[in-house]
Amino acid sequence: MDWVFLAELALNGALTGLLYSLFAIGLVLIYKASSVPNLAQAALTMLGAYVVLALSRDVGLPLWLAIMLAAVIMFGLGFGIERVALRRLAGRPIIMILMMTLGLDIFLRGTTLAIWGGTSRSIELGVSYEPLFVGDMFISRINLVGAGVAVVLFVAFMLFFRTRTGIKLRAIADDYMASWSVGISVERGVGLSWALASVVALAAGVIWGEIQGVDQALSLLLLKGLTVAVLGGLDSILGAVVAGIILGIIENVGADFLDPLVGGGSRELIVAAVLILTVMIRPHGLFGRHDIERV
Amino acid sequence: MFYRLSGVYHTSYASDSRIFKVPADRNLAVFFLLFGLAAPFIVPSIYLNSYMLPWLIWTAAALGLNLVTGWAGQLHLGYAAVMAVGAYSAVHAARFGVPWEFALIIGGLASSVIGSLFAFAALRVKGLYLALTTLAMQFIMDWVLHHSPTVTGGSHASLQSPTLALLGQPITSDAGFYYVAFGWCVLVTIFMLNLKRTGLGRALVAVREKDYAAAILGVNSFYYKILAFAASSFIAGVSGALLVATFFFLATPEQFSVAVSIQALAMVIVGGLGSIIGSYFGVALILLVPGVINNLVAAIAHTLGAQVNVETLAHIPNAAYGALIVIILLIEPLGLGKLYGNIREYLMVWPFDQFRK
């Protein structure tokens with residue numbers, strides 16, 4: 001057993017996993033505030049990356065300005081989606097809400113690709129592709145940057161949930177009715193959570209777009225993001241970060257062992273297995289609340 | 001108008017539990033049955049085989065999904081995986097030399113077995129978590145199909161379906177394929193229409209509404225959930241097999257991917273949960289309208305003389321399909337079946353609708 005190689009796999013897995021966390025944080029934000037599993041998060045991620053590309057390539061803005069502007073656009077878009085599509089379904093059975101987010105996912109993806117086309121393009125953040133050596137292990141720089149962004153966002157949200165607005169969001173997550181009765185605008189809070197999730201999606205989209213190019217494949221992140229969110233407990237941001245690291249390690253190390261056995265491509269299989277096992281054994285995840293509806 | 005309740009008196013239980021209580025409903029059903037039988041002589045062959053045939057088979061499949069989602073209330077995001085099991089087992093059986101009648105039944109039974117595995121997830125969790133589990137199972141099935149050459153001929157490969165033959169008659173004509181699809185769809189529809197009137201159907205509805213309450217009434221919810229999954233999977237398997245045998249002629253893993261599962265669920269929800277006529281509408285809308293919109297856009301662009309990017313044109317059906325789901329859910333979350341029901345209710349007492357309670 002080559003321990004250095006194993007450590008390298010685990011470390012790179014953890015960094016990739018933090019990128020999944022970046023994606024999952026968006027899911028968690030929305031689920032926490034409104035109990036809506038946002039299956040359109042992948043489409044939002046893709047859309048975010050395309051908006052940045054459009055602003056920087058087609059309009060010609062510098063990249064930092066394009067990202068700022070895209071963040072504003074995504075913020076508004078998230079608010080709008082909640083206002084137009086989700087609010088009217090509040091209180092409906094979960095199946096209709098799920099279908100709505102799936103419909104939004106298909107619609108956003110179709111529209112994005114219809115406008116900008118499906119050819120893969122790169123964002124070019126200017127991060128070097130030279131691997132970084134730590135001892136004998138080598139690490140991808142862009143993954144390191146992405147993991148950094150995930151951690152920064154996590155800390156930012158932890159601080160945000162201590163502000164006045166953040167406390168309101170926590171109250172909404174805890175109890176709709178009680179929040180209403182003390183005069184918190186639940187609608188605005190839920191809208192805000194969608195807006196924030198869209199901005200998180202933008203961050204995820206930019207980092208992933210840099211790693212694998214901006215194209216349709218970005219929407220394949222959904223299963224991994226969902227698995228991370230469920231493993232962490234659907235309403236815990238800390239859970240999303242920890243679960244991201246865990247899933248990244250399991251996936252990277254597991255794939256190394258399984259790929260020779262099954263002839264490659266075992267990552268999807270591992271992720272799906274983790275999702276099923278989590279739901280079967282511990283549906284509320286690592287850090288989630290325990291009031292999951294069991295049969 | 002049209003739908004009249006006047007003069008309809010039920011004097012016995014048998015009469016009260018008839019399938020069509022309103023004469024207009026029965027007449028409509030008979031009309032469409034006759035139209036369906038006559039379609040090969042009326043409808044041009046190209047429309048018959050590229051639109052009506054997939055519509056009918058998908059309606060049968062959607063009714064199967066409606067059984068488990070609409071009636072038993074269990075979310076199912078892995079329906080295409082179950083259809084794949086049926087399709088591949090049936091095609092393999094037929095290639096092995098089993099007559100198609102038995103191959104179809106083998107496909108259905110194989111689907112039932114695999115589909116019941118999905119039910120074990122339903123025994124433990126429900127709602128969102130069930131949806132996620134079935135989604136993960138769909139991904140696993142995708143992976144298996146892409147990585148087992150013995151089943152599918154491997155990635156990017158396809159499995160040729162042998163010529164369909166029923167009762168010793170090889171079926172090769174367009175009308176023949178159409179009648180097979182039509183027959184299967186009618187069979188499933190009759191089954192679903194009768195489901196409402198049986199103890200099984202009532203038990204499923206009880207499980208859907210509240211499994212505790214169902215248990216108190218003496219309905220074993222575990223048993224009925226597995227039964228619902230097995231029955232719906234049987235329908236899925238045969239529908240999948242027929243889809244390959246009469247429409248695609250080749251089985252490839254892409255025909256049963258995650259997107260197809262989502263499409264099947266969209267058909268059921270857009271059509272209306274627990275609505276039979278709704279399933280027909282839903283399938284028509286999801287399957288046919290995006291293509292129509294695409295042609296429309298192309299035609300408009302052509303008349304305006306504007307150049308539309310090929311890639312744009314390729315993605316417009318998808319955007320339209322997503323938009324349709326969103327719009328229908330916003331207008332009427334209970335789907336097209338409910339919209340039809342509203343119109344029917346209105347006409348039932350027209351022009352005296354002010355007397356309606």
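## A loop residue in chain B

In this predicted model, Phe249(B) lies in the loop that runs between helix H11 (221-248) and strand S4 (250-251) of chain B. Its backbone angle deserves attention, for Phe249(B) has a positive phi of about 65° although it is not a glycine. Is Phe249(B) buried or partly exposed? There are 14 other C-beta atoms within 10 Å of Phe249(B), and because a residue counts as buried with 20 or more such atoms and as exposed with 12 or fewer, Phe249(B) is partly exposed.

## A loop residue in chain A

Chain A offers a residue that can be read in a similar way, namely Ser35(A), which is placed in the loop between helix H1 (3-34) and helix H2 (41-59) of chain A. Phi of Ser35(A) is near 55°, which is a positive value in a residue other than glycine. Ser35(A) has 16 C-beta neighbours inside 10 Å and therefore counts as partly exposed.

## Chain B as a whole

Chain B is built with 15 helices and four strands. Its radius of gyration is 21 Å, close to the 21 Å that the globule rule gives for 357 residues, so chain B is as compact as a globular protein of that length. Measured out along its principal axes, the C-alpha trace of chain B spans about 65 × 60 × 45 Å.

Of the 357 residues in chain B, 45% are buried. Among the contacts in chain B with a separation of 6 or more, 74% are between residues that stand 24 or more positions apart.

## Two helices packed in chain B

Two packed helices are described by the angle between their axes and the distance between the axes. In chain B, helix H5 (residues 100-124) and helix H6 (residues 128-147) pack at an angle of about 155°, and their axes are 9 Å apart. Since angles over 145 degrees count as roughly antiparallel, H5(B) and H6(B) are therefore roughly antiparallel to each other. The crossing of H5(B) and H6(B) is right-handed.

Which residues of H5(B) and H6(B) make the contact? H5(B) contributes Phe118(B), Ala121(B) and Ala122(B), while H6(B) contributes Leu130(B), Thr133(B), Thr134(B) and Met137(B). Sorted by class, the residues of this contact are five nonpolar and two polar, with no charged ones.

## Two helices packed in chain A

In chain A, the axes of helix H9 (residues 221-232) and helix H11 (residues 267-281) come within 9 Å and cross at roughly 30°. H9(A) and H11(A) are therefore roughly parallel to each other, and H9(A) passes H11(A) in a left-handed crossing.

The contact is made on the H9(A) side by Leu223(A), Lys224(A), Leu226(A), Thr227(A), Val230(A) and Leu231(A), and on the H11(A) side by Val271(A), Ala272(A), Val274(A), Leu275(A), Thr278(A) and Val279(A). These residues of the contact of H9(A) with H11(A) divide into nine nonpolar, two polar and one charged.

## Where the chains meet

The contact between the chains takes 41 residues from chain A and 38 residues from chain B. On the side of chain A that touches chain B, helix H4 (94-116), H9 and H11 of chain A each supply at least two residues. The largest share of that side, 16 residues, comes from H4(A). By class, the side of chain A that touches chain B has 28 nonpolar, seven polar and six charged residues.

How values were computed: Residues are numbered from 1 along each chain as its sequence is written. Chains are lettered from A and ligands numbered from 1 in the order in which they are written. This is a predicted model: local features need pLDDT of at least 70, side-chain atom pairs count only at pLDDT 80 or more; totals for chains, interfaces and linings use all residues. Axes are lines fitted to C-alpha atoms, for helices over the stretch in contact, and angles run from 0 to 180 degrees between N-to-C directions. Angles under 35 degrees count as roughly parallel, over 145 as roughly antiparallel, 65 to 115 as roughly perpendicular and the rest as oblique. A crossing is left-handed if the near helix is turned anticlockwise from the far one by less than a right angle, and right-handed if clockwise. Two residues are in contact if their C-beta atoms, placed from the backbone, lie within 7 Å. Ala, Val, Leu, Ile, Met, Phe, Trp, Tyr, Cys and Pro count as nonpolar, Asp, Glu, Lys and Arg as charged, and the others, Gly among them, as polar. The radius of gyration is taken over C-alpha atoms; the globule rule is 2.2 Å times the number of residues to the power 0.38.
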